[in-house]
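Open the model in your viewer and keep the sequence panel beside it. This tour tells you what to select at each stop.

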Amino acid sequence: MDARLQELPKSVQELVELIGIDAALAIVQERGGIRLCVPRNAREDHWLVPLIGLDALRALVAHYDGEEIDVPRCASAIRAARERQIAAELEHDSVARVARRHAYTERGIRKLRRRLEARGDIEDAQGDLF
């Protein structure tokens with residue numbers, strides 16, 4: 001499994017294996033923190049079909065068959081993914097543009113960069129002079 005997916009809660013990892021990453025994350029975005037009642041029958045007019053597709057709904061029905069499942073919010077995994085995205089953008093873009101794109105302040109982006117550097121997630125932007 002992709003190392004980034006290991007940051008997700010076990011229940012979401014199982015959803016990813018069952019219905020794929022896009023469908024699983026769509027459910028997390030739509031229902032994170034709320035129980036999801038999986039129907040007993042996969043019908044084309046079910047509210048989940050436009051969200052995840054009929055095939056994914058069929059897979060959910062086959063596996064859960066009417067059960068209620070807790071859908072975690074995945075806040076820490078989403079935050080970590082966003083931080084990785086920002087760090088990647090900072091390699092080739094200015095702090096000001098990255099801040100605007102992500103609705104951060106420039107100060108917030110600089111603080112984030114320092115935090116990531118301290119954790120060793122990214123290299124020091126200044127590098128060594130000698």
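Contact here means heavy atoms within 4.5 Å. Keep that in mind at every stop. One more caution: this is a predicted model.

**Stop 1: the whole chain**

Show the protein chain as a cartoon. Its secondary structure comes to 7 helices and 2 strands. From the N terminus on, the elements run α-α-β-α-α-β-α-α-α. The radius of gyration is 19 Å, well over the 14 Å that the globule rule gives for 130 residues, so the chain is more spread out than a compact globule. Rotate the C-alpha trace: along its principal axes it spans about 65 × 25 × 20 Å.

Now switch on the surface. The accessible surface comes to about 8800 Å². Carbon and sulfur atoms hold 46% of that area. Of the 130 residues, 33% count as buried. Colour by charge next. There are 21 positive and 23 negative side chains. The centres of the two sets lie 7 Å apart.

**Stop 2: the largest core**

Which residues have the most contacts inside the largest nonpolar core? Select Ile19, Ile27, Ile52 and Leu60. The core has 26 residues. Helix 1 (10-19), helix 2 (21-31), helix 3 (48-52) and helix 4 (54-64) are the elements that give two or more residues to this core. Helix 4 supplies the largest share, 6 residues.

Apart from this core lies another, of 9 residues. Among them are Val95, Ala99, Leu112 and Leu116.

Zoom in on leucine 60. Not counting residues up to four places away in sequence, leucine 60 touches Leu15, Leu18, Ile19, Ile27, Val38, Leu48, Ile52 and Asp65.

**Stop 3: helix 2**

Select helix 2 and show its side chains. Ala23, Ala24, Ala26, Ile27 and Val28 are buried in this helix. What covers them? The cover includes helix 1, strand 1 (35-37), helix 3 and helix 4. Step just past the end of helix 2. There, glycine 33 takes a positive phi of about 90°.

**Stop 4: arginine 43**

Move to the loop between strand 1 and helix 3, where arginine 43 has its place. Is arginine 43 buried or partly exposed? Its relative accessibility is 47%, so arginine 43 counts as partly exposed. Show its neighbours. Leaving out residues up to four places away in sequence, arginine 43 touches Val49, Leu54 and Leu57. Draw a distance to leucine 57. The two residues are 14 apart in sequence, and their C-alpha atoms are 8.5 Å apart in space.

**Stop 5: helix 5**

Select residues 75-90, which make up helix 5. Pick out glutamate 83 in this helix. Its relative accessible area is 9%, under the 20% cut-off, so glutamate 83 is buried. What does glutamate 83 touch? Its contacts are Leu112, Arg115, Leu116 and Arg119, not counting residues up to four places away in sequence. Leu112 and Leu116 also belong to the core of 9 residues.

Now select glutamine 85, also found in helix 5. Glutamine 85 has 40% relative accessibility, so it counts as partly exposed. For a last distance, draw a line from the C-alpha atom of glutamine 85 to that of proline 39. These residues are 46 apart along the chain, and the line spans 36 Å.

**Last look**

Zoom out to the whole chain again. Among contacts between residues at least 6 apart in sequence, 51% join residues at least 24 apart.

Note on methods. Residues are numbered from 1 along each chain as its sequence is written. This is a predicted model: local features need pLDDT of at least 70, side-chain atom pairs count only at pLDDT 80 or more; totals for chains, interfaces and linings use all residues. Side-chain values use heavy atoms; hydrogens and water are left out. Helices (H or I, at least four residues) and strands (E, at least two) are DSSP runs, numbered from the N terminus. Buried means under 20% relative accessible area, exposed over 50%, partly exposed in between (1.4 Å probe, protein chains only). The radius of gyration is taken over C-alpha atoms; the globule rule is 2.2 Å times the number of residues to the power 0.38. Accessible areas come from the Shrake-Rupley method with a 1.4 Å probe; for residues, only the protein chains shown count as cover. Lys and Arg count as positive and Asp and Glu as negative; His and the chain ends are not counted. The place of a charge is taken as NZ of Lys, CZ of Arg, CG of Asp or CD of Glu. A nonpolar core is a set of buried Ala, Val, Leu, Ile, Met, Phe, Trp, Tyr and Cys residues joined through side-chain atoms within 4.5 Å.
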